[in-house]
Amino acid sequence: QVQITESGGGLVQPGGSLGLSCAYSRSLFSFYAMGWYRQVQGKQRELVARVIGGDFTRFADFVKGRFTMSRDNDRYTIYLQMNNLQLEDTAVYYCYAKDTPSVDEVGFWGEGTQVTVSS
């Protein structure tokens with residue numbers, strides 16, 4: 001079992017920035033994939049950004065260059081820096097990790113952190 005600790009999030013005005021962090025209880029190099037999803041109430045969870053195999057990063061189209069991912073291998077932590085946040089970015093953000101590329105693998109998930117963009 002992998003323990004995941006999320007932090008960051010909160011309330012920000014449109015155009016503002018927030019940073020999220022996700023600390024795992026295992027080395028980042030042990031995972032096949034890591035990243036972030038988000039979920040708006042009443043809607044399906046959607047991919048925000050993920051890194052596969054250590055160096056291939058994919059971002060959702062709606063990110064449009066506003067978000068960046070980084071990592072601290074020594075701290076077993078990944079980060080999501082979100083800039084120019086918009087109202088539609090309001091959601092619960094979840095970090096996750098998977099051990100294999102199998103779609104049958106549920107993976108490990110954080111408890112989620114609320115991001116609210118509001119004026």
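Start by selecting Gly-110: this glycine is buried, with a relative accessible area of 8% (buried means under 20% relative accessible area, exposed over 50%, partly exposed in between, with a 1.4 Å probe and protein chains only). Gly-110 sits in the loop between strand S10 (108–109) and strand S11 (113–117). Strands here are DSSP runs of E with at least two residues, helices are runs of H or I with at least four residues, and both are numbered from the N terminus.

A quick word before you click on: this is a predicted model, where local features need pLDDT of at least 70, side-chain atom pairs count only at pLDDT 80 or more, and totals for chains, interfaces and linings use all residues. Residues are numbered from 1 along each chain as its sequence is written, and side-chain values use heavy atoms, with hydrogens and water left out.

Keep Gly-110 selected and show its contacts (heavy atoms within 4.5 Å). Not counting residues up to four places away in sequence, Gly-110 touches Ile-4, Glu-6, Tyr-94 and Cys-95. For a distance check, draw a line to Ala-97: the C-alpha atoms of Gly-110 and Ala-97 are 9.1 Å apart, with their positions 13 residues apart in sequence.

One of those contacts leads to the next stop. Which residue does Cys-95 form a disulfide with? Select Cys-22: the sulfur atoms of Cys-22 and Cys-95 are 2.0 Å apart, inside the 2.5 Å cut-off for a pair of cysteine sulfur atoms to count as a disulfide. The structure holds one disulfide. Cys-22 lies in strand S3 (residues 18–24) and Cys-95 in strand S9 (residues 91–98), so the pair ties together parts that are 73 residues apart in sequence. Measure the torsion about the S-S bond and you should get 65°, a right-handed link. Both cysteines, Cys-22 and Cys-95, are buried.

Next, pick Thr-77, in strand S8 (residues 77–82). Is Thr-77 buried or exposed? Buried, at a relative accessible area of 6%. Leaving aside neighbours within four places in sequence, the contacts of Thr-77 include Cys-22, along with Ser-21, Ala-23 and Leu-28. Ser-70, Arg-71 and Asp-72 are also in contact with Thr-77. Now stretch a line from Thr-77 to Ser-118: the two are 41 residues apart along the chain, and their C-alpha atoms are separated by 28 Å.

Step back one residue to Tyr-76, in the loop between strand S7 (67–72) and S8. Check its backbone: Tyr-76 has a positive phi of about 55° although it is not a glycine. Most residues other than glycine have a negative phi. Tyr-76 is partly exposed, at 32% relative accessibility. For another such case, select Asn-84, in the loop between S8 and S9. Asn-84 is not a glycine either, and its phi is positive at about 50°. Its relative accessible area is 38%, which makes Asn-84 partly exposed.

Finally, zoom out and switch to cartoon. The protein has eleven strands and zero helices. Its radius of gyration is 14 Å, close to the 14 Å that the globule rule gives for 119 residues, so the protein is as compact as a globular protein of that length (C-alpha atoms only; the rule is 2.2 Å times the number of residues to the power 0.38). Along the principal axes, the C-alpha atoms fill a box of roughly 40 × 30 × 25 Å. Colour by burial, and 40% of the 119 residues come out buried.
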